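This briefing covers confidence, overall build, nonpolar cores, helix packing and a few individual residues. Please read it alongside the sequence and the coordinates.

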Amino acid sequence: MMTSAEIRQQFMDFFKSKGHVIVPSAPIVIKNDPTLLFTNAGMNQFKEFFLGNKKAPNPRVADTQKCLRVSGKHNDLEEVGVDTYHHTMFEMLGNWSFGDYFKKEAIAYSWELLTEVYKLDKEKLYVTIFEGDEKEGLPRDEEAFNEWKKWIGEDRILLGNKKDNFWEMGDTGPCGPCTEIHVDCRSDEEKKLIDGKTLVNNDHPQVIEIWNNVFIQFNRLKDGTLEPLPAKHVDTGMGFERLVRVLQNKQSNYDTDVFTGTINGIEKITNKKYGYTDSKQDIAFRVLADHIRAIAFTIADGQLPSNTGAGYVIRRILRRAVRYFYSYLDYKQPLLFQLMPLLAKQFENVFPELIKQLDFVVKVVKEEEDSFLRTLEKGLKRFEQIRFDKIKLFNQNVIQNCLIGGNSQLDSFIQILGEEEYYSMPINLSQKAIDLLTENGKYSNNKANMDIYAFTSQNDLVIDGYYGFELYDTYGFPFDLTKLLASESGLTIDEIGFEKQMQQQKSRSRAATAIDTEDWIVLNENVSTEFVGYDTLEIKSKIIKYRKVKAKGKEAFQLVLNTTPFYAESGGQVGDTGKLIINNEELIITDTKKENDLIIHFADALPTDFADEVIAKVDINKRKETAVHHSATHLLHAALRQVLGTHVAQKGSFVNDEYLRFDFSHFAKMTDSEIEQVEKIVNEKIRENIPVVINEMPKDEALKLGAMALFGEKYGDRVRVVVIDPKYSVELCGGTHVGATGELGFFKIKQETAVAAGVRRIEAISGKAAEAFINEQFSTIKSIKESLKNPKNINKAIDNLQSENNDLKKHIEHLEARQLVIIKNELLLKDEIINQINFIGSIVEVTNADALKKLCNDLKNHLRDFVIVLCANIGGKPFVAVCIAENVVAAKNLDAGKIIKEHIAPLINGGGGGQKTLATAGGQDASNLQSVINKVKALIS
């Protein structure tokens, strides 16, 4: 039986023999493409060739590409681990033709590899072709049909609809018909019962697609129409994990040697056994074996877990894995990080970036696991609070409906039963409560009434879907886990309410990121674009195409020039701004970005005439100061490696004309001494006025020179190398730089902080920004000295001032505490009884809003069955606190938080909230405080 490594290598060798150049996988994390967060298909790195924005250096290539599918069109996350063939991170084997061969060769290559090289049984194979689409005006793919007839019987050539057999990059862009190859892995007995062709594309776990050949021949426009492409391309993708499963004759992808090593590792760590079933325990094994790959390779490619964008996706995947081993493998400590060495070794010859950064990835993952395990504990405590509140309210309702005197008899009942038992009773009451309620009819209306109420009140045991969503969104609880916890307590979750909350969140997310992009209006066909901004900041050019975009209600325009001096945002450096001048008409360029390799200029308007020549002018001052900060990052990077060690590697950067931000791998906060050393080294290099030498050369040659390359960046065959003294700093970099280090003037670190586990961040300034900062600091010190009457020792003067201030604060707090006691006693004298409820409502004089809450808490220790509303005018602003006894909340269906939001906030032109028993508000209009008191009083009258 072939190993997975041998299967992968045979694919590469086969296509190399067919004249294909073998290229490395692109990073799994996408940059310079606003439509994607991750590489989700093998074709992503070749998108520019299909779009016609760039000429392919090789007409035939093949590769294995790291891909990730968890969101949007390819949202497979919730299926991963539950079934045996969906994955988050997967390898896509592919062969590509850019305007070279087409359907004839692609189909022949596919058949030869599968049946002659891999020796797959031809009788197990089916193929599909596009059946055509009348609405689109597209005929059946006769060319593909005729080519397949050469290799396979017509009864095994099946017709597929547009959904299955017409591939599209997105709503717009290159597209075309495809032909899929499916394999029937069922036993002979099963095949006799059901014809395999009826199971193709019907989600049968043993009749699966393994290869898709896409024939890109159209371009989809914004209005939905299709136009033929000038050149035809082949884009194929074969899922590596599925292929290995078929060739190793396994029933599940997870039974192949792609995953068994990881599963064996999990067994050793957890002391649990994988059983090849659909049990929760076995699903957990599969979830971990899959998710560990997505986590490891995205972090190795430079994407750290975070709360936004691509980082949030990685955090979600990691947390899903933690939940599974925590809940179903009963493992309560970090596990994933322990699997990293195993995974790195498995892929060291395919994707070596992981083993090269193993220590860093391990530390990041362990810190994430530790953090989420703490969050899980908090979530369990939050669920316990929700459960307790629900059961307590249910039991209160049962008891109150069984009491002869209703709520008025509750205090007597609680006193006899005991408060501890009353507040900790399980569902359906304790035996002591039942005995007390039925004893001689003293408390219960009748036994039958109690039983009927207890059974008919089960609806009260449904937890609101909002809480299920809170546990999911805030604490990372999957809905299944919340349902399980609820059922163990005799509760259920409102699934409809949960789904409603989920849909609202998705709608908010879509609305926040929705961008409406129109088709390009092309003015000049077949004109390439060129960036000349390294050498000049003003040139004459022509607009070759433009389009309109809408985002968040704002309309803007994007323009492409045939030649541009504008640097497009990349490598951490912001895009240039400036202007385009056309016949004395000035068009302001607000930003410049890359979409794949296309340089796009952003403007708020369009010129009146597109035909004339354009003068493109970059904002010189902004570009120069940005270059200052970019060169400073190179000096900083080298200095950090000298002071902290060669483990330091860049993990991200941001460079503009005002400051630089530099993220780097390091596992401890920098000391003041280390920061001073780094600053000293950088400033020495600035004073040396070292020439910044920039050369272009082959990538291999640059790496031999010792040039530092960033993990997660995709470099071409030729690279740009920035040298600041060959013994000090040599880096691959496409950004703009100064001519010599002396132009930086001065360098200063403003702060050093943590970004994520194992990643620190420095914010620093240089050039004019540093000069302005130093002047500002001196001005501030001068002002402070003048305020302190120019003391000889400014530090001692400030210490004395702080000491005096602390003494005064303590004295004021003592006086305020005494005053609150007086106010409390006065308020207790104002207590009035309304419908058997103690009501206190008053406008009081206090100095801060917290005093209102303190008064409420003090008052409730002296009252039963109470409603309190306290108001204050503090500095012209209204503040309100509402406090309600728990038994009044239950008996009168009152909620302090709702009262604040629905009744009080509108009266004071403000907002607020809180719990059912205590809530507060603040606002802008203090003229209606008496009306606030009257409103609350009316609610209980």
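In this predicted model, residues 452–457 have pLDDT under 50 throughout. For that stretch the model has seven contacts beyond four places in sequence. Across the protein the mean pLDDT is 88, and 91% of residues reach 70 or more.

**Overall build**

- The protein has 941 residues, of which 50% count as buried.
- Its secondary structure consists of 29 helices and 35 strands.
- Along the principal axes, the C-alpha atoms fill a box of roughly 95 × 90 × 60 Å.
- Among contacts with a separation of 6 or more, 68% are between residues 24 or more positions apart.

**Nonpolar cores**

- In soluble globular proteins, nonpolar side chains tend to be buried together.
- The largest nonpolar core holds 117 residues, and the members touching the most others are Phe11, Leu288 and Leu336.
- Helix 9, residues 280–300, is the element that gives the most to this core, with 13 residues.
- A second, separate core has 45 residues, including Val867, Val880, Val889 and Ile904.
- Beyond its neighbours within four places in sequence, Leu336 is in contact with Leu288, Ile292 and Ile295. The other contacts of Leu336 on this count are Leu318, Ala321, Val322, Phe325, Val365 and Glu369.

**Helix 9 against helix 10**

- The axes of helix 9 and helix 10 (residues 309–328) come within 9 Å, with a crossing angle of roughly 150°.
- Angles over 145 degrees count as roughly antiparallel, so helix 9 and helix 10 are roughly antiparallel to each other.
- The crossing of helix 9 past helix 10 is left-handed.
- On the helix 9 side, the contact is made by Lys280, Gln281, Ile283, Ala284, Val287, Leu288, His291, Ala294, Ile295 and Thr298.
- On the helix 10 side, the residues are Ile314, Ile317, Leu318, Arg320, Ala321, Tyr324, Phe325 and Tyr328.
- Leu288 of helix 9 is part of this contact, and Leu288 is also in contact with Leu336.

**Helix 1 against helix 3**

- Helix 1 (residues 4–17) and helix 3 (residues 103–117) have axes that come within 11 Å and cross at roughly 130°.
- Helix 1 is therefore oblique to helix 3.
- Helix 1 passes helix 3 in a right-handed crossing.
- Helix 1 makes the contact through Gln10, Phe11, Phe14 and Phe15, and helix 3 through Tyr109, Glu112, Leu113 and Val117.

**Positive phi at two asparagines**

- Most residues other than glycine have a negative phi.
- Asn893, which is not a glycine, has a positive phi of about 55°.
- Asn893 sits in the loop between helix 27 (886–892) and helix 28 (896–908).
- Asn893 counts as exposed because its relative accessibility is 71%, against a cut-off of over 50%.
- Asn909 also has a positive phi, near 55°.
- The loop holding Asn909 runs between helix 28 and strand 34 (910–914).
- With a relative accessibility of 52%, Asn909 counts as exposed too.

**A buried glutamate**

- Glu679 is found in helix 22, residues 672–687.
- Glu679 has a relative accessible area of 10% and is therefore buried, the cut-off being under 20%.
- Not counting residues up to four places away in sequence, Glu679 touches Phe747, Lys748 and Ile749.

Definitions and conventions. Residues are numbered from 1 along each chain as its sequence is written. This is a predicted model: local features need pLDDT of at least 70, side-chain atom pairs count only at pLDDT 80 or more; totals for chains, interfaces and linings use all residues. Side-chain values use heavy atoms; hydrogens and water are left out. pLDDT is the predictor's confidence in each residue, from 0 to 100. Contact means heavy atoms within 4.5 Å. A nonpolar core is a set of buried Ala, Val, Leu, Ile, Met, Phe, Trp, Tyr and Cys residues joined through side-chain atoms within 4.5 Å. Buried means under 20% relative accessible area, exposed over 50%, partly exposed in between (1.4 Å probe, protein chains only). Helices (H or I, at least four residues) and strands (E, at least two) are DSSP runs, numbered from the N terminus. Axes are lines fitted to C-alpha atoms, for helices over the stretch in contact, and angles run from 0 to 180 degrees between N-to-C directions. Angles under 35 degrees count as roughly parallel, over 145 as roughly antiparallel, 65 to 115 as roughly perpendicular and the rest as oblique. A crossing is left-handed if the near helix is turned anticlockwise from the far one by less than a right angle, and right-handed if clockwise.
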